[in-house]
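Colleague: I would like a close look at one part of this protein, the first helix and whatever packs on it. Please go through it residue by residue where that helps, and keep it plain.

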Amino acid sequence: MPSHVVVPLAFGPLADAIWVLGFLAAAAWITWRFGPTLTRLTGWCSWVVAWACGSQGGYGYCVAFLLLGTLAWGSGTVWYARRRGRWPSPLSAKLFARLLHR
């Protein structure tokens, strides 16, 4: 047998199950650790995509991405405030404190 042939160390249903569980555990940890920040970043990115779509005449996509971005940014901001006990910015505090009656 040539020495350059790669033999897998593990294969089969057990290896697949271990891989899937490891992937889910990593995704859960990333969500737990960085969830509010990633959600707020998703909102900003959606707003940029909305601007790009609108500038090219895709007004339906523009509206859809504006709504998605606002929902993502807002939920990430509220999630951040609940987890940290403070608002991420004075603008967020002014917008959401009145909206959530805090």
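Modeller: A residue is called buried here when its relative accessible area is under 20%, and exposed when that area is over 50%. By that cut-off Ser 46 is buried, because its relative accessibility is 6%. The model is a predicted one, and what follows should be read as a description of that prediction.

First, the setting. The protein chain has 3 helices and 0 strands, and along the sequence the pattern reads α-α-α. Of its 102 residues, 23% are buried. About 8,000 Å² of the chain is exposed, and carbon and sulfur atoms account for 73% of that area. Taking contacts between residues at least 6 apart in sequence, 41% are between residues at least 24 apart.

Now the helix itself. α1 runs over residues 13–55, and its end C-alpha atoms are only 49 Å apart, whereas a straight helix of 43 residues would span 63 Å at 1.5 Å a residue. α1 also has a kink of about 80° at Phe 34, shortly before the proline Pro 36. For comparison, α2 has 26 residues and spans 37 Å from first C-alpha to last, close to the 38 Å expected at 1.5 Å a residue. After α1 comes Gly 57, with a positive phi near 95°. α2 is likewise followed by a glycine with positive phi, Gly 85, near 85°.

The buried residues of α1 are Gly 35, Pro 36, Thr 39, Arg 40, Gly 43, Ser 46, Ala 50 and Gly 54. An α-helix has 3.6 residues a turn, so residues three or four places apart point the same way. The cover over the buried residues of α1 includes α2 (59–84) and α3 (90–99). Seen from the other side, the buried residues of α2 pack against α1 and α3. Those α2 residues are Cys 62, Gly 69, Ala 72, Trp 73, Gly 74, Gly 76, Thr 77, Val 78, Tyr 80 and Ala 81.

Individual contacts fill in the picture. Ser 46, in α1, is in contact with Phe 65, Leu 68 and Gly 69, leaving aside its neighbours within four places in sequence. Ala 50 is also in α1 and counts as buried because its relative accessibility is 0%. Not counting residues up to four places away in sequence, Ala 50 touches Cys 62, Phe 65 and Leu 66. The C-alpha atoms of Ala 50 and Leu 66 are 5.7 Å apart, although the two residues are 16 places apart along the chain.

Trp 51 lies in α1 as well, but it is exposed, since its relative accessible area is 63%. Between the C-alpha atoms of Trp 51 and Tyr 61, which are 10 residues apart along the chain, the separation is 9.5 Å.

Trp 73 of α2 is a partner for several α1 residues. Not counting residues up to four places away in sequence, Trp 73 touches Thr 39, Arg 40, Gly 43, Trp 44, Trp 47, Ser 92, Leu 95 and Phe 96. Trp 73 also belongs to the largest nonpolar core, a set of 5 residues completed by Val 78, Ala 81, Trp 87 and Phe 96. α2 gives the most to this core, with 3 residues.

That leaves the cysteines. A search of the whole structure finds 0 disulfides. Cys 62 is in none, and the nearest cysteine sulfur, that of Cys 53, is 7.1 Å away. A disulfide is counted here when two cysteine sulfur atoms are within 2.5 Å, so a separation of 7.1 Å does not qualify. Cys 62 is buried because its relative accessibility is 15%, while Cys 45 is partly exposed, with a relative accessible area of 43%.

To sum up the part you asked about: α1 is kinked at Phe 34, and α2 and α3 are among what covers its buried residues.

Terms used: Residues are numbered from 1 along each chain as its sequence is written. This is a predicted model: local features need pLDDT of at least 70, side-chain atom pairs count only at pLDDT 80 or more; totals for chains, interfaces and linings use all residues. Side-chain values use heavy atoms; hydrogens and water are left out. Helices (H or I, at least four residues) and strands (E, at least two) are DSSP runs, numbered from the N terminus. The expected span of a helix is 1.5 Å times one less than its number of residues. The bend at a residue is the angle between axes fitted to the seven residues ending there and the seven starting there. Buried means under 20% relative accessible area, exposed over 50%, partly exposed in between (1.4 Å probe, protein chains only). Contact means heavy atoms within 4.5 Å. Accessible areas come from the Shrake-Rupley method with a 1.4 Å probe; for residues, only the protein chains shown count as cover. A nonpolar core is a set of buried Ala, Val, Leu, Ile, Met, Phe, Trp, Tyr and Cys residues joined through side-chain atoms within 4.5 Å.
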